[in-house]
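Reader: Please take me on a close walk through the hydrophobic packing here, and then outward to whatever surrounds it. I would love one connected account that I can follow with the structure open beside me.

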Amino acid sequence: SLPQPTPAKPTMASLVRGVVTELRALATFGKMVWQMFTDSRVYRKMTFLQFMKGVLGIAHEAMTNPGRTCEQVAEACCGKGNFSALNGKVAIITGASNGLGLENARVLMKYGCHVIWAVRNVDKAKQALAAIQAKEGKVAGKATILKVDLSDLTTIKPFVSEFLKLDLPLHMLILNAGIMAPLNWEPSAQGHESMFATNNLGHFLMTELLMAKLEATAQQSEVRVVILSSATASMCSGMDLSQVPVSKDNYNDIADYAVTKAIDAFHARYLNCKYADQNIVTTCVHPGIVKTGLLSHSPGFGRLFFDSLVFAPFRKD
């Protein structure tokens, strides 16, 4: 085998950058904890006790999760090299053009699944698909790119209509897209708080409009609905329904993110209670702490979760 290159020695500048990043991450962490005791916009939704219970859950997951990649899971389920295993299966993945959604789309297509990329930016999705094809060659499954903006409810029904025109079954609905902790309250196209609109409302409407197709497919094959929540959902200690979606004056970035992720869990429970006996299984999952573009809206939490030594033991990338 070829000799491995010697790792570059850290320079003083890189050490300083690392220390600065760590200090800034700790400052973000300290501010968040302080607000749990002093800011009603936080402690009414996420108490320190509930936060620590969530942290213990993350620690347990870090110690017990073997950290298998999406590819390794597919190999275990489908058989290594069995790239026709998912032939005839159809999946919709929201947010398929980057991060976890892109990796799910790549692996499902590799094993023969026809993946509907439900994306806001069609050009970006085409570039991502071209990159997959350049790296993997021709994959067994097909990709169909359809435009949707989950934060704008007027785009959901046209997306569903375009999908139904394809006259395909629907075996997997993977509600992956989301945003996390924008620094400031931001309105959706309909004036709702943006996290609630994107993480909850758009996905709920899409699911309801697709339910007839899911039920029809379930007559012939098991159907899965997968909702990407977060361990942050377990940190939500209270929810004032009169403040869902939250008003501008009562907004807090991380506490209201926890609320939206708890709502994801409620959505999954509702679907399971209503449809489990109809061959439709719904799961709500914590994907682990994986560095993606999720925290592009919140550089402080990005440093804390994705770059700091504090959360290094918990990261899966």
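Author: Happy to! One term before we start: two residues touch, or are in contact, when they have heavy atoms within 4.5 Å of each other. Please also keep in mind that this is a predicted model.

Let's begin with the largest nonpolar core, which has 36 residues. Within this core, the residues that touch the most other members are Met46, Phe301 and Phe305. Five helices each supply at least two of its residues: α1 (12-38), α3 (48-64), α8 (194-218), α9 (253-275) and α10 (299-307). Among these contributors, α9 gives the most, with 7 residues. As background, nonpolar side chains in soluble globular proteins tend to be buried together.

Now zoom in on Phe301. Leaving aside residues up to four places away in sequence, Phe301 touches Thr28, Met32, Ala181, Asp253, Ile254, Leu295 and Phe306. There is also a second core, separate from the one we have just visited, and this second core has 28 residues, including Val160, Leu175, Ala218 and Leu271.

One partner of Phe301 deserves a stop of its own, namely Ala181. You will find Ala181 in the loop between β4 and α8. Its phi is near 55°, which is a positive value in a residue other than glycine. How buried is Ala181? With a relative accessible area of 0%, Ala181 is buried, since the cut-off for that class is under 20%.

That loop between β4 (172-175) and α8 also holds Ser188. Ser188 counts as buried too, because its relative accessibility is 10%. Setting aside residues up to four places away in sequence, Ser188 touches Ser151 and Ala197.

From here, follow α8 to its neighbour α7. Helix α7 (residues 156-165) packs on α8 at an angle of about 30°, and the two axes are 10 Å apart. Angles under 35 degrees count as roughly parallel, so α7 and α8 are roughly parallel to each other. Their crossing is right-handed. Which residues meet in this packing? On the α7 side they are Ile156, Lys157, Phe159, Val160, Phe163 and Leu164, and on the α8 side Gly202, Leu205, Met206, Leu209, Leu210 and Lys213. Sorted by character, the residues of this contact divide into 9 nonpolar, 1 polar and 2 charged. Val160 links this to an earlier stop, being a member of the second core as well as part of the α7 side of the contact.

Now step into the loop between α7 and β4, where Asp167 sits. Like Ala181, Asp167 is a residue other than glycine with a positive phi, again near 55°. Is Asp167 buried or exposed? At 63% relative accessibility, Asp167 counts as exposed, because that class starts over 50%.

Another backbone detail worth a look is in the loop between β5 (223-228) and α9, where Pro245 lies. Pro245 is joined to Val244 by a cis peptide bond, with omega at about 0°.

A second helix pair makes a nice companion to α7 and α8. The axes of helix α4 (residues 70-78) and helix α5 (residues 99-110) come within 10 Å and cross at roughly 30°. That angle makes α4 roughly parallel to α5. The crossing of α4 and α5 is right-handed. Cys70, Glu71 and Ala74 of α4 make the contact with Glu103, Asn104, Arg106, Val107 and Lys110 of α5. By character, the residues of this contact divide into 3 nonpolar, 1 polar and 4 charged.

To finish, here are two residues away from the cores to click on. Arg44, in the loop between α2 (40-43) and α3, is exposed, with a relative accessible area of 60%. Between Arg44 and Val73 there are 39 Å in space, C-alpha to C-alpha, and 29 residues in sequence. Ala312, in the segment after α10, is partly exposed, with a relative accessible area of 32%. The C-alpha atoms of Ala312 and Gln133 are separated by 32 Å, while the two residues are 179 residues apart along the chain.

Technical notes. Residues are numbered from 1 along each chain as its sequence is written. This is a predicted model: local features need pLDDT of at least 70, side-chain atom pairs count only at pLDDT 80 or more; totals for chains, interfaces and linings use all residues. Side-chain values use heavy atoms; hydrogens and water are left out. A nonpolar core is a set of buried Ala, Val, Leu, Ile, Met, Phe, Trp, Tyr and Cys residues joined through side-chain atoms within 4.5 Å. Buried means under 20% relative accessible area, exposed over 50%, partly exposed in between (1.4 Å probe, protein chains only). Helices (H or I, at least four residues) and strands (E, at least two) are DSSP runs, numbered from the N terminus. Axes are lines fitted to C-alpha atoms, for helices over the stretch in contact, and angles run from 0 to 180 degrees between N-to-C directions. Angles under 35 degrees count as roughly parallel, over 145 as roughly antiparallel, 65 to 115 as roughly perpendicular and the rest as oblique. A crossing is left-handed if the near helix is turned anticlockwise from the far one by less than a right angle, and right-handed if clockwise. Ala, Val, Leu, Ile, Met, Phe, Trp, Tyr, Cys and Pro count as nonpolar, Asp, Glu, Lys and Arg as charged, and the others, Gly among them, as polar.
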